[in-house]
Amino acid sequence: MKKLTKDFLKFALSDSPKSVVKEIIDEKKRAYTFGLGSIAATLGACAAPVDPNAIPPESPERALTHEPRDIVSINLDENDDEDSDPGLGLPGGGPPTGVEPLPTNPVPTDPLPTTPAPANPTPVNPAPSNPAPANPAPAIAAQTFSVLGPGLINVDASDMMDPNNVQLMNDGNSLSVWGFTSSSGAAFNGDLNRLCPGPVFEANEGELTTIALRSQVPHTIHLHGLDVDQANDGVPSTSGFVSQMDPSAPGTPPPMRIINPPGAWLGNPFEYVFTAPHAGTYMYHCHVDTVLHMEMGMSGTIIVRPPGGSKISLWEGGPIFDREYIWQLHTFDSTWHDAPLGSGAGTLRYSPDYFMLNGRDGTDILSDPTAAVEAYAGQQIVIRLVNLGYQPALVNLGGIPFDILASDGRPVKKLFLNLFTEMLVGPGERYDIMFSMPAAGVTNTSIEYLDIMGLKVLGTAASSITTL
Amino acid sequence: MDRRKFLKAGVAGLSGSFVLGGLSAGFPRNAQAANVVIDFTVEEVMKTVPINREILTWQYVNAFQAGPGALSSGIVVTEGDNVTINIRNNLTSNYPVNLIIPGLLETSAAVIPGGTQSYTFIASTPGSYLYYDDNNGQLGRAMGLMGPLVVKPMDGSQALTPFESNPNIYDREYTIVTHEIDSRINDAVAAGLPFDLNNYQPDYFFANGLSYPETVQDPAGNIDDTKVIFMSLGQNVALRFINGGLIYYPMHFHGYHVNVVTRNRILEEYIVEKDTVLIKVGEAVDTILAVGNQIGLYPLHTHYVPGVTTSGFYAGGGLLMLKAV
């Protein structure tokens, strides 16, 4: 540990003022657990004790980052959901601040046996892809999003039954949307003005996960990429769905009779049960009238953590990272949101006019802490690219080279080392990429959404990478 | 018009040879290079799409070897074969056409309506290929002038990559040609009116010329084992995706990941194991699905979900089904 710190110090000194270096070390000591103080407080019993070694920040530059962001951060768990402690990451995220008093160590307290991430994990096989100077391994990487799970995940469908479901766009328009929420009504990152994407579901490799979907209208959750069995696949015609009918009633058509468990209809939870075999990045979405329901916002990301729930690598023995982001790529065709009831003439052709990242578009993305990357020089950043939309997307990090570590929940067979500066992500694909934070400055990134012919750029979602 | 009536090919017409049909039939495997002659005519075919709509298409038609589904003719030859394709252009409007095969026949002379032309090439490398008309730019494929060509290895093995140390032997194989129609283009061509391919936005989508539920069900609405991608536990199933359309097809597998073996006959060494395989325009991507121990019915479809519709209605398009028993 000492040697690692020394090495890191040597690296850091090369391009950072001393005070920053000191803070970086402090951050390392505090295991990279960034978060808003108020949120950390809400974690209550989940929070680890105050680190007596934590040294208050000194540099005025850092002090600037204390400005609280205008984020509605919601504890997805709340108190009405006693049987499901979602093992919160760090809701709200935001830039690392020097004031938060509690290094959080969100250990799930759900009844399922889980192993908390070890304080000082030694990677089984520190992959050759970590070209950065030797970093002391963080106990837990900083997240910029909150999660539901592991264990039991309670989800509500929120759709045309609630006319208040709108997504506030950058141009001031409010589009009617549908989505999935936690039992307390929160979607991705707990922002009430952002129904889609839905909350992040988290599962641990090898552990039983149950997703209980409540809905007043036929919907399903398809566990995209998890290769679950037919009964849990979330396809109405083959797996059943939350039916409008009592499945035991005479005359119920066959697809509606395929119900798991029996008796799941209209507001009773429909349970999806699976054991995720491979750590990685996955998606979920409604598979009822998919072309419309998915576009309306009924989709989100599933993260399968390595066995035991470790949050410092994508898979057991994979490269160690310091901070992780999810970039969920999607678009809206606003005409589809006008009077959506079912697919047909209204969904004849898809012409997106809003180009989004994590539910935000335009300049809203730049001020969104889930999308705009902020970290210290040399830190290893993982971005999980998830294409929830219908357009192929060309992602570039403003010239910062990155590795592709995994795709569709599987490590790549050979590692690309800093080989890529842009990556095409097709609809339904996921790519987990990692890069080293530049020495300084702000780098502008872009996601170019291509037409489905792959010829024209239809629109762009711009974000940024800022070295603190 | 008589000709069109004669060649009317509904969705149920030639569809007995759905996924595999036409590609496996015919040419016997042999270890000797052979001279193979294929006679194509380019025809105007009124294609019936759901629901009871007829759209003018152009197709390469081989009277003796129907292609998969109801669209175009398939070709299966053996590595080393000396292949001659004779073309007669029977289009009634003034469109000269040709036939190219990226990887085997990069350029070819156009043939005017009423004319004939011969193209010859050696099937030098095993793998999956797309053939299509490029004399009319994108219009040829928009109208349906394309089809699949599979070159089997010379040694007679069921190998996707006989040139590699891991030959990727399969137990079953399926060839899936993706394409789509923007009916506004076809209607304009039929009426002799101007059209705009820059505004290409298809409304009909196909796998091997068929749309769901014809891709999966018999007329009575039951799952048809001769139409689904039928797999037995423990088998290796080769799926050859050949994109004859003008849009990307990110093909998503339910229930199973697949291994991407080659893209345009080049070994994929990096991003191999996928549940969503992006097939770009003109690409041929060979994959192998190792059927584990999970039985069931699992959809296989483009995740450009508008491609799972027919004229806007879900579910339709080129939705396929895997059936593992």
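Q: Which are the buried residues of helix α3 (residues 183–191) of chain B?
A: This is a predicted model, in which local features need pLDDT of at least 70, side-chain atom pairs count only at pLDDT 80 or more, and totals for chains, interfaces and linings use all residues. Residues are numbered from 1 along each chain as its sequence is written, while chains are lettered from A and ligands numbered from 1 in the order in which they are written. A residue is buried if 20 or more other C-beta atoms, placed from the backbone, lie within 10 Å of its own. In α3(B), a helix being a DSSP run (H or I) of at least four residues and a strand one (E) of at least two, numbered from the N terminus, the buried residues are Ile185(B), Asn186(B) and Val189(B).

Q: Why are the buried residues Ile185(B), Asn186(B) and Val189(B) on the same side of α3(B)?
A: The arc is taken from the directions that run from the helix axis to the C-beta atoms. These residues lie on the same side of α3(B) because they cover an arc of only 95° around the axis.

Q: Which elements of chain B are included in what covers the buried residues of α3(B)?
A: Contact here requires C-beta atoms, placed from the backbone, within 7 Å. The cover of the buried residues of α3(B) includes, from chain B, β2, α2 and β8 (172–181).

Q: Which residue just after α3(B) takes a positive phi?
A: The helix α3 of chain B spans residues 183–191. Just after α3(B), a positive phi of about 70° is taken by Gly192(B).

How values were computed
Buried ≥ 20, exposed ≤ 12 C-beta atoms within 10 Å, placed from the backbone. Contact = placed C-beta atoms within 7 Å.
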